[in-house]
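Open the model in your viewer and keep the sequence panel beside it. The stops below say what to select and what is there.

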Amino acid sequence: MTAVENRPQMLPEEFERIALAAEREGVRMEFIHGRIGVKAVPDGDHDEIIRWVMKQCMQQRPDLWLYLERGLRVETYRKGNARPDATLAPDGGFAGQGEWADPDQVVMVLEVTSYDRDTDRRDRDEKPRAYAETGIPVYLLVDRDSCKVLVHSEPEDGQYVNLVRRPFGKPAVLPDPVGITLDTEAFKAWVR
């Protein structure tokens, strides 16, 4: 990579103004590792997976809430902006925060792969790095292409040092501070 490729496309503040205007038109954007990305519109199966995870979180950890598409400041020095499919944090934890919230209280972020060409780069490479750099304890990826749940944990030096892959149908333990065992059997019905 050359120095030009590593240079951010713009300042985070500039991105936030553009993202706000785009959202008024129904376009959801993110700014990770200095690059703008457009978030795919979720399909119904994508929504059902998130609903299922939310239900299990509510049953096992009623002190936490799974916030949908909560904007977060991510990466080292909070230079990025991500909008995870869902963010697990203490109930009421984002009160008083703006569109792009501080992630310090977040215990987990959830992404569900979309059937678009950017999923591989975005969900499997860029986002795990950004979330680990931020220090978010757990990154849960529901990968509909491989029919697996990937549980990334123990962020250290900008990467997750622990990665557990579980096929759909097998329980997935979400380690502390989440402390939930996720039943993934239902995910089998929501893949192409």
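Start with the whole chain: of the 192 residues of the protein, 46% count as buried. The protein has 4 helices and 13 strands. This is a predicted model, so colour it by confidence before anything else, because pLDDT is the predictor's confidence in each residue. The average pLDDT of the protein is 86, and 82% of the residues score at least 70. Confidence is lowest in helix H1 (residues 3–6), with a mean of 50, and highest in strand E12 (residues 172–174), at 98. Contacts can be looked at over the whole chain too: of those with a separation of 6 or more, 53% are between residues 24 or more positions apart.

**The largest core**

Which residues have the most contacts inside the largest nonpolar core? Select Met108, Leu110 and Phe187; the core they belong to has 28 residues. Next, show the elements that give two or more residues to this core: helix H3 (44–60), E3, E6, strand E8 (108–112), strand E9 (138–143), strand E10 (148–156), E12 and strand E13 (180–182). H3 gives the most, with 6 residues. As background, nonpolar side chains tend to be buried together in soluble globular proteins.

Centre the view on Phe187. Leaving aside neighbours within four places in sequence, Phe187 is in contact with Ile49, Trp52, Val53, Val142, Val149, Phe168 and Leu182. A second core, separate from the one just shown, has 18 residues, including Val106, Ala130, Tyr131 and Ile136.

**Glu48 and Phe187**

Keep Phe187 on screen and add Glu48, which is in helix H3. Their C-alpha atoms are 8.6 Å apart in space, while the two residues are 139 residues apart in sequence. Is Glu48 buried or partly exposed? Glu48 counts as partly exposed because its relative accessibility is 29%.

**Val151 in strand E10**

Move to Val151, found in strand E10. Val151 is buried because its relative accessible area is 3%, and the cut-off for buried is under 20%. Show what lies around Val151: not counting residues up to four places away in sequence, Val151 touches Val138, Tyr139, Leu140, Asn162, Leu163, Val164, Ala172, Val173, Leu174 and Pro175. For one of these, Asn162, draw a C-alpha to C-alpha distance from Val151: it comes to 8.0 Å, with the two positions 11 residues apart in sequence numbering.

**Aromatic rings**

The whole structure has 3 aromatic pairs. Select one of them, Tyr67 and Phe94: the arrangement is edge-to-face, with 4.9 Å from centre to centre and 85° between the planes. This pair links distant parts of the chain, with Tyr67 in strand E3 (residues 64–68) and Phe94 in the loop between strand E6 (86–90) and strand E7 (100–101), 27 residues apart. Tyr67 and Phe94 are both buried.

With Phe94 still selected, add Arg70, which lies over the face of Phe94 at 5.3 Å from the ring centre. Then go to Trp100, where Arg83 lies over the face of the ring, at 4.5 Å from the ring centre.

**Backbone stops**

Most residues other than glycine have a negative phi, and most peptide bonds are trans. The next three stops concern phi and omega.

Where is the cis peptide bond? Select Asp176 and Pro177: the bond from Asp176 to Pro177 is cis, with omega near 15°. Pro177 lies in the loop between E12 and E13.

Cys147 is in the loop between E9 and E10. Its phi is positive, near 55°.

Asp157 has a phi near 50°, also a positive value in a residue other than glycine. Asp157 lies in the loop between E10 and strand E11 (159–167). Asp157 counts as exposed because its relative accessibility is 77%.

**Cysteines**

Finish with the cysteines. How many disulfides does the structure hold? The count is 0. Select Cys57 and return to Cys147 to see how each is placed with respect to the surface. Cys57 counts as buried because its relative accessibility is 3%, whereas Cys147, at 31% relative accessibility, counts as partly exposed.

Methods. Residues numbered from 1 in each chain as written. Predicted model: local features only at pLDDT ≥ 70, side-chain atom pairs only at ≥ 80, totals over all residues. Heavy atoms only, no water. pLDDT = per-residue confidence, 0-100. Disulfide = S-S within 2.5 Å. Buried < 20%, exposed > 50% of the residue type's maximum accessible area, 1.4 Å probe, protein only. Phe/Tyr/Trp six-rings, centres within 6.5 Å; stacked < 30°, edge-to-face > 60°. Lys NZ or Arg CZ within 6 Å of the ring centre and 35° of its normal. Core = buried A, V, L, I, M, F, W, Y, C linked by side-chain atoms within 4.5 Å. Contact = heavy atoms within 4.5 Å.
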